[in-house]
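Reader: I've got a model open and some labels I'd like unpacked. Can you take me through them?

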Amino acid sequence: MKNNTLSARFVLKLTLSFLAILLLAGIGYTITSIYLSNKYFYETTQRLHANLAQDLIDEKFKNTHPFDSTGTVNKALFGDLMHDMMAINRAIEVYLLDNEGYVQYSVVLDHDAPETKQKRVNLDPIKKFIAENGSSYTLGDDPKDLSKQTIFSAAHFNKDGHEGYMYIVLAGEDFLDTRSALFNSYFMRLGLGGSLLTLVFATLLGILAIWYLTRSLRKIIYAAKRFQQGDLEYRIENAEKTDLANVASTYNSMADTILSDIEKIKSVEQLRQELIANISHDLRTPLSIIQGYIETLHMKDSELSAEERGEYLKTISRSSERLSKLISQLFEYSKLEANQIQPQKEPFLISELANDIHQNYSLLAKQKNIDLKLSMEDSIPLVFADISLVERAIQNLMDNALKFTPEGGKVTVKIETEDDHVEVTIKDSGPGIKKDNQALIFERYRQTKVGEQKEGAGLGLAIVKKIMEIHDSSIKVFSKPNEGTSFSFSLPVHAMN
């Protein structure tokens with residue numbers, strides 16, 4: 001099967017649906033045609049024979065009385081009338097009505113129908129017919145079955161004191177029975193023939209319509225096959241101009257998104273490999289130091305003085321602390337990246353937190369001969385954030401500043417209010433960061449250069465960035481080579497109720 005071929009199941013369903021629609025339309029058309037043809041026949045028949053009743057009155061009642069001296073209907077006259085009518089049209093039925101609509105006499109085929117004499121025909125349609133001279137399609141009562149309506153011709157007469165209506169049913173019961181029997185056979189032939197023709201034409205039209213209407217769908221299927229086979233750059237041309245513009249455009253957008261995601265995954269995989277290499281290096285260094293000094297202590301324990309032994313143990317302790325810190329950072333960052341840490345925000349004084357951190361780092365700064373300053377405005381307002389996470393962010397920035405500030409340098413922690421935010425800035429006098437590297441220092445897998453030295457994975461700054469992100473804030477860096485670096489972030493002021 002070709003790549004752009006529609007599934008047989010889909011084509012079958014579409015074809016059957018199309019045939020069903022056309023078949024129902026054919027049946028509806030047949031029924032409508034029969035109904036309209038019936039109405040056309042009746043209306044035409046009534047219009048052609050509209051003056052029949054009046055003509056009969058003018059001809060038969062001109063020299064002959066319809067009633068004898070006793071007021072009885074002249075049956076001989078109506079016998080002749082029946083003979084004349086049957087010669088013209090065997091479908092008609094003639095009724096003589098009085099002024100109230102009661103049947104006085106009827107002529108049906110070759111016999112009268114005295115059973116109709118007690119029946120009363122509604123005169124309203126008759127009067128309407130006479131008033132309009134038979135110009136409109138009007139149905140009246142069938143004297144044989146007053147529940148039915150039929151076409152008729154009618155005229156009023158007034159002869160020798162006798163007054164009433166000549167009422168002629170133009171489609172009598174016998175005619176309707178015969179017509180009904182023939183009509184059922186005709187309807188069956190018409191329905192069968194119409195159905196067969198409908199199926200034939202529907203099949204041809206269905207094939208052509210399916211082929212035409214599914215052009216755009218075949219293009220989409222073909223594009224999906226190409227994409228599945230690895231042609232990630234293939235797109236549907238002029239998608240917005242196709243019959244399925246929304247679907248085609250959505251497919252193109254989806255393909256672009258998938259391709260973009262694939263590129264991101266490739267990039268992340270590459271960065272992950274870099275991280276493994278960098279972390280392996282950072283872990284290997286303290287482990288190698290620990291292992292080397294422990295082996296030395298084992299081999300030369302009796303030869304080492306107490307002072308040398310103590311120095312070895314201090315080195316092992318520092319390397320252990322460095323290793324522990326690195327592992328702790330990895331664990332902390334993994335939880336932040338997996339959104340396993342949710343900030344517990346509360347109002348607190350950032351000034352008190354800054355004082356505590358300044359005091360904690362003063363001894364370390366003094367040991368490295370670094371001037372550590374704390375600059376704050378008076379009456380710093382409460383901020384609304386997670387105090388432990390903010391403390392962790394400031395500690396990471398302080399570690400970074402003290403790490404890269406040389407002896408005799410300076411580190412300044414500055415707290416100031418700006419509108420509805422409090423900004424925290426940590427500035428050092430270290431070697432600075434090149435402009436090209438400033439965008440990379442917060443990335444978790446990058447090794448960047450600070451000054452001329454190549455440093456580790458930079459997880460401390462990556463952790464700071466994540467902490468700021470979950471606080472809907474950001475970390476900014478301002479640096480020039482040999483002019484130091486400053487990091488800053490802002491926290492919202494607590495809204496007092």
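Reader: At what angle do helix 10 and helix 12 pack, and how far apart are their axes?

Author: This is a predicted model, so local features need pLDDT of at least 70 and side-chain atom pairs count only at pLDDT 80 or more, while totals for chains, interfaces and linings use all residues. Residues are numbered from 1 along each chain as its sequence is written, and side-chain values use heavy atoms, with hydrogens and water left out. Helix 10 (residues 387–404) and helix 12 (residues 459–469) pack at about 150°, with axes 9 Å apart.

Reader: What makes helix 10 roughly antiparallel to helix 12?

Author: Angles run from 0 to 180 degrees between N-to-C directions, and over 145 counts as roughly antiparallel. The angle is about 150°, so helix 10 is roughly antiparallel to helix 12.

Reader: Which residues of helix 10 meet helix 12?

Author: Among them are Leu389, Arg392 and Ala393; on the helix 12 side, Gly460 and Leu461 are included. Contact here means heavy atoms within 4.5 Å.

Reader: Why are Pro125, Ile126 and Phe129 said to be on the same side of helix 4?

Author: All three are buried, meaning under 20% relative accessible area, with exposed over 50% (1.4 Å probe, protein chains only). They cover an arc of only 100° around the axis, which puts them on the same side of helix 4. The face turned away carries exposed Asp124 and Ala131.

Reader: Where does pLDDT stay under 50?

Author: Over residues 109–115 and residues 449–457. pLDDT is the predictor's confidence in each residue, from 0 to 100. Where pLDDT is low, don't read the predicted coordinates in detail.

Note on methods
Helix = DSSP H or I, 4+ residues; strand = E, 2+ residues; numbered from the N terminus. Arc of directions from axis to C-beta. Parallel < 35°, antiparallel > 145°, perpendicular 65-115°, else oblique.
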